[in-house]
Every structure is written in C-alpha cells, then in structure tokens.
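Colleague: Could you take a close look at one helix for me and tell me how it sits in its surroundings? I would enjoy a connected account rather than a list.

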Amino acid sequence: MQSFKLLVDQHHSFLITTHKSPDGDAIGSATACYFFLKKMGKNPMVLLPDEPSEGLLPFLSGVSYKVFENCSVNEIQEMISMDASIHMDYNDPSRVGSEMSLIFEQLKGPSIMIDHHPNPSTFTDYSISKVEASSTAELFYEVLERNDLSSNVDLHCARGIYLGILTDTGSFRFPSVTAFTHHVLEKLLQLGLDHVEIHEAIYDDNSLNRLQLRGFAIAERLEILPDMPIGVIALSREDLRRFNYKKGDTEGLVNVILSIKGIQIALFAIEKEDGVKLSFRSKGNYFVNDFSSRNFNGGGHKYAAGGESKESLDVTISRFKSLVNELI
Ligand SMILES: [Mn+2]
C-alpha cells in the first residue's frame, strides 16, 4: 500500500488506465484516482481502451481522458512518456486488448496496479491486489486512508468511488460488501455527496428501446434449463437490431435471471460481430470463474465472470448446455 504514496510523492504526471468495455467500477476508480491526483497538484490523464457506454459519460465530465482506439501515435507516445502509471480494475494486460497491451513494454516510468480480481499477473512494478475488496473503488479509498491521504478526497473523487462501489456491489447487496464498505460510504456522504443523483444517473436512465429490448429478452429469450437452477438469455444480432441496441442496453440483464426464485446460475449471451460475449453470475455454492476460464476463454470472480466464444450463438448455447454438469 505504501508504494502508492511513494509513487505519488515522487512523480508529477500520471497515466491512469482501466479495462476494455469499462464498467462503473472501472470508470469510477479511474476518475476517483484522476481527481485525487488533481487535488494533489499533479498532472493526471486517463486512457480508456474503448468508448464507455453512454450512461457512464456524465462521470467523465471534467476528466482529461482519451480513448486508445481514437489516439494518434503521437498521443500514445506522449502518454507512455508520463512519469508514472496507475492501472485500475484489471489484473492482466490482455484486459485492455492486444493493441493497447503493447504500452506495457514501453512505459517510461514505474507502474502500479490497483485491483480486486483473483489471480493477478505480474505486469506492473507494484501491485495492490485485494480479492476481498468489493470494488477497486473501495480498495482505492482504503489505499488513500492507509496512507493518510483520504483528506484529499473531494466531491469529484467521492463521486467516482461511490459509482464504483454502487455498481460492483449490485447496490450494496453482494457478499463482498463489508462493514468497511459502509465505512467508506459514510465518509463519502459526510463530504456532502449527492448519492441520489448517482443512483438516478445509473438506474433511471432507460431509453424506450432499451426497456423494450429487456422486456423482449425476458419474455421471449429467457430459458430455464429443466430441473436445474440455471437460467439463460441469448440475444442474436437480429434481436439487437430490432430494438436499435446501444452499448450498455443489456447491462445487468444477467442479474435479472438470477433474481428468479430458485435460480442460482445465470448466463447472458450476446452475439457480436466478432463472436459471442458471455456473462456468468452465480450464488451460493456455485462458482463460475473457473468454469468460464476452462470452457469459454474467460474468467473473473467466483460469482461473476465473463467469457467468449467464436462459434455461432446457437452452437455456443448448446455447448454450454452440454457442459453444465461441470457447474452443478
Ligand atoms: Mn471491479
């Protein structure tokens, strides 16, 4: 934890990165770190592998950030030349995509990872890894507090931390939530944080198309496997076109499956141009990360993991069904 303070004390310009398809914790922890460094009089810059979903854009307001996909060679050169770099909410360079992962061979200054995913690989000079942390945002606050730096958390920084905790804990309900999680929330609210505004921005942000796509997914595409605590939603590209799909429209749908009484394992599958993207969720004694890494080139947490398949949607779902005995 002390390595973070040393890094901050000894350097001025900082590159902050997070993972591909950034979620609330990725954006939350990266922006919290950005505003913290600003408050310290430093010169930070956030680099995202790809565009975040529209719903997360308000949280990037006031943040100096670039999207790797849209960067020129010069811009990338400038960023890898910054004094030091901080890599948040991911545990392996592959999580930023193969092209952006090349920056790790070229970074000029020392690097640090701050993350809560299991089995981190060694790709930075320093790592702060805590699998029990509910979110990277919560872990970031712990790092600040343990280094006596939490007085530099202003309202902008607090907003990022709250966003990360909120979205990675399913609104403070997952088993990962601890007394410390609520301690952090207490500190953020004491600063005068408008938490209602954040909940509304995240949860009351539906477009008609999105809501109808979700209704369709539940009514027409949800399948409960016979005599098993398993539910699956699979959406084809045709389904997505019909509802004018935009990135983020299906976020959280996998948790809707898990909300069905008796369902303990949920799979959400979505057909993309380059293959099928999978989201697994589970409860109780069912764990999805190893299953996904063995069979679907994925990984993540015990109860929440991602995966992918280069096969068609139908073949992917059939293969999943043929493998479910491994899960139960
Ligand atoms: Mn996270």
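Modeller: Happy to; what follows is a walk around helix 6, then its neighbours, and then the wider setting. Please keep in mind that this is a predicted model.

Let's start with the length of the helix. Helix 6 covers residues 179-190, and at 1.5 Å a residue its 12 residues should span 16 Å. The end C-alpha atoms are 16 Å apart, which agrees with that expectation.

Next, its two sides. Thr 181, Val 184, Leu 185 and Leu 188 are the buried residues in helix 6. Viewed down the helix axis, they fall within an arc of 100°, so they line one face of the helix. An α-helix has 3.6 residues a turn, so residues three or four places apart point the same way. The face turned away from the buried side carries Ala 179, His 182, Glu 186 and Gln 190, which are exposed. After the helix comes Gly 192, with a positive phi near 100°.

What does the buried side meet? Its residues pack against helix 4 (136-146) and helix 5 (155-168). Ala 158 is a handy example from helix 5. This alanine counts as buried because it has 26 C-beta neighbours inside 10 Å, where 20 or more are needed. Setting aside residues up to four places away in sequence, Ala 158 touches Val 153, Leu 188, Leu 191 and Leu 193. Leu 188 is one of the buried residues of helix 6. Another of them is Leu 185, and Ala 158 lies 27 residues from Leu 185 in sequence but 9.0 Å away in space, C-alpha to C-alpha.

Now for the wider setting. The largest nonpolar core has 49 residues, of which Ile 16, Cys 33, Ile 114, Phe 140 and Ile 161 touch the most other members. Helix 2 (residues 24-39) gives the largest share of this core, 9 residues. Phe 140, leaving aside neighbours within four places in sequence, is in contact with Ser 29, Ala 32, Cys 33, Ile 114 and Ile 161. Another core, of 28 residues, lies apart from that one and includes Ile 230, Leu 278, Phe 291 and Phe 296.

Finally, the domain assignment gives domain 1 (2-203) and domain 2 (208-327). Their centres, taken over C-alpha atoms, are separated by 27 Å, and the contact takes 6 residues from each of domain 1 and domain 2. On the side of domain 1 that touches domain 2, the residues divide into 1 nonpolar, 4 polar and 1 charged.

How values were computed: Residues numbered from 1 in each chain as written. Predicted model: local features only at pLDDT ≥ 70, side-chain atom pairs only at ≥ 80, totals over all residues. Helix = DSSP H or I, 4+ residues; strand = E, 2+ residues; numbered from the N terminus. Expected span 1.5 Å × (residues − 1). Buried ≥ 20, exposed ≤ 12 C-beta atoms within 10 Å, placed from the backbone. Arc of directions from axis to C-beta. Contact = placed C-beta atoms within 7 Å. Domains from an automatic or database assignment. Nonpolar A, V, L, I, M, F, W, Y, C, P; charged D, E, K, R; others polar. Core = buried A, V, L, I, M, F, W, Y, C linked by C-beta atoms within 7 Å.
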